[in-house]
Amino acid sequence: MPRLLKFNIFRYNPQDPGSKPHMDSFVLEETDSMTLFIALNRIREEQDPSLQFDFCCRAGICGSCGMVVNGRPGLACHTKTVDLPGDVTLLPLPVFRLVGDLSVDTGAWFREMYNKVESWIHTSKSFDQSAVEERMDNEVAEQIYELDRCVECGCCVAACGTARLRDDFLGAVALNRIARFAVDPRDERTDRDYYEIIGNDRGIFGCMGLLACEDVCPKNLPLQNQLGFLRRKMGITAIKTLFRR
Ligand code: SF4
Ligand code: SF4
Ligand code: FES
């Protein structure tokens with residue numbers, strides 16, 4: 001006998017003055033290989049076409065289907081119902097602006113964060129399109145590639161105690177971004193330049209180090225290593241700055 005799954009879903013439309021935050025329940029018969037993504041689409045098609053949630057790729061690539069599943073941020077398309085109990089509570093990711101129901105605006109948050117950390121290669125070299133491409137050491141290229149795998153789902157931000165307490169905390173995803181440029185030989189920024197951005201409570205020194213971010217990252221990014229790497233680097237830069245004064 002297939003299980004009957006009960007979905008308790010947060011509902012609220014901030015655009016509608018008559019809408020009030022509440023939970024709605026939907027019951028579905030579980031099918032083979034059902035994911036939360038499939039379940040939500042069935043609910044929308046068969047029971048309530050007004051249910052809002054985001055998705056695009058269904059393959060853990062676009063990062064748009066992040067939500068809180070029984071208290072834990074994760075991707076709906078990556079979450080199999082067989083791994084969940086019969087009662088499933090779904091909430092939108094906190095920290096981000098709510099669009100409606102389970103849909104949040106991660107795009108605006110990420111754009112702002114990228115501007116704050118100046119998420120681009122800083123170089124004084126001008127681009128010469130006729131020049132032969134410069135080679136990069138394989139090991140370094142792989143290191144950069146590893147850190148570039150982030151799909152901007154926002155799960156690490158939603159799971160972060162500091163980000164939930166402080167609006168201005170950059171979060172593990174931004175610190176990972178800085179770590180990515182710090183290892184890139186094309187970026188001419190110095191440790192002192194990075195210190196200006198993250199050597200404070202909004203950055204690496206605001207991180208409590210409990211690593212909820214790494215626990216929930218659906219791409220298994222090595223956030224713990226990057227936070228440790230930056231903490232050491234910025235700690236040394238702070239001491240050097242102190243003695244230079
Ligand atoms: S380790 Fe730092 S960035 Fe990660 S969840 Fe904890 S406070 Fe947030
Ligand atoms: S670091 Fe991981 S959890 Fe955070 S936004 Fe990127 S993919 Fe998502
Ligand atoms: S739909 Fe793209 S990551 Fe889930």
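Throughout these legends, Ala, Val, Leu, Ile, Met, Phe, Trp, Tyr, Cys and Pro count as nonpolar, Asp, Glu, Lys and Arg as charged, and the others, Gly among them, as polar. Every view is drawn from a predicted model.

**View 1. The shell around ligand 2 brings together 13 residues.** By class, nine of these residues are nonpolar, two are polar and two are charged. Look for the cysteines here: Cys150, Cys153, Cys155, Cys156 and Cys217 come nearest to the ligand. Two elements, helix 4 (155-158) and helix 6, each give two or more residues to this shell.

**View 2. Ligand 1 sits among 14 residues.** Which residues are the closest to ligand 1? They are Cys160, Ala172, Cys207, Ala212 and Cys213. Helix 5 (161-165), helix 6 (171-182) and helix 8 (212-216) are the elements that each supply two or more residues to the shell. Its make-up is 10 nonpolar and four polar residues, with no charged residue. Helix 6 is worth following from one view to the next, as it is listed for the shell around ligand 1 and also for the shell around ligand 2.

**View 3. Five strands make an open sheet with mixed pairing.** Reading across the sheet, the strand order is 2-1-5-3-4. Strand 2 (22-29) and strand 4 (72-75) are the edge strands; each has a single partner, so one side of each has no neighbour in the sheet. On average, neighbouring strands are turned by 35° against each other, direction ignored.

**View 4. Strand 1 and strand 5 run parallel within the sheet.** Strand 1 covers residues 4-11 and strand 5 covers residues 87-91, and four bridges join the pair. A handy place to start is Ile9, which stands opposite Leu90 of strand 5. As a reminder, the strands of a sheet pair through backbone hydrogen bonds, in either a parallel or an antiparallel sense.

**View 5. Helix 1 lies across three strands.** This helix, residues 36-46, crosses strand 1, strand 2 and strand 3 (66-69). At what angle does helix 1 run to strand 2? The angle is about 100°.

**View 6. The whole chain, to put the close-ups in context.** The protein chain holds nine helices and seven strands, and its C-alpha trace spans about 65 × 40 × 35 Å along the principal axes. Of its 245 residues, 31% are buried. Among contacts with a separation of 6 or more, 65% link residues 24 or more positions apart.

Notes:
Residues numbered from 1 in each chain as written. Chains lettered and ligands numbered in written order. Predicted model: local features only at pLDDT ≥ 70, side-chain atom pairs only at ≥ 80, totals over all residues. Near = placed C-beta within 6 Å. Buried ≥ 20, exposed ≤ 12 C-beta atoms within 10 Å, placed from the backbone. Contact = placed C-beta atoms within 7 Å. Pairing = 2+ DSSP bridges. Axes fitted to C-alpha atoms, helices over the stretch in contact; angles between N-to-C directions.
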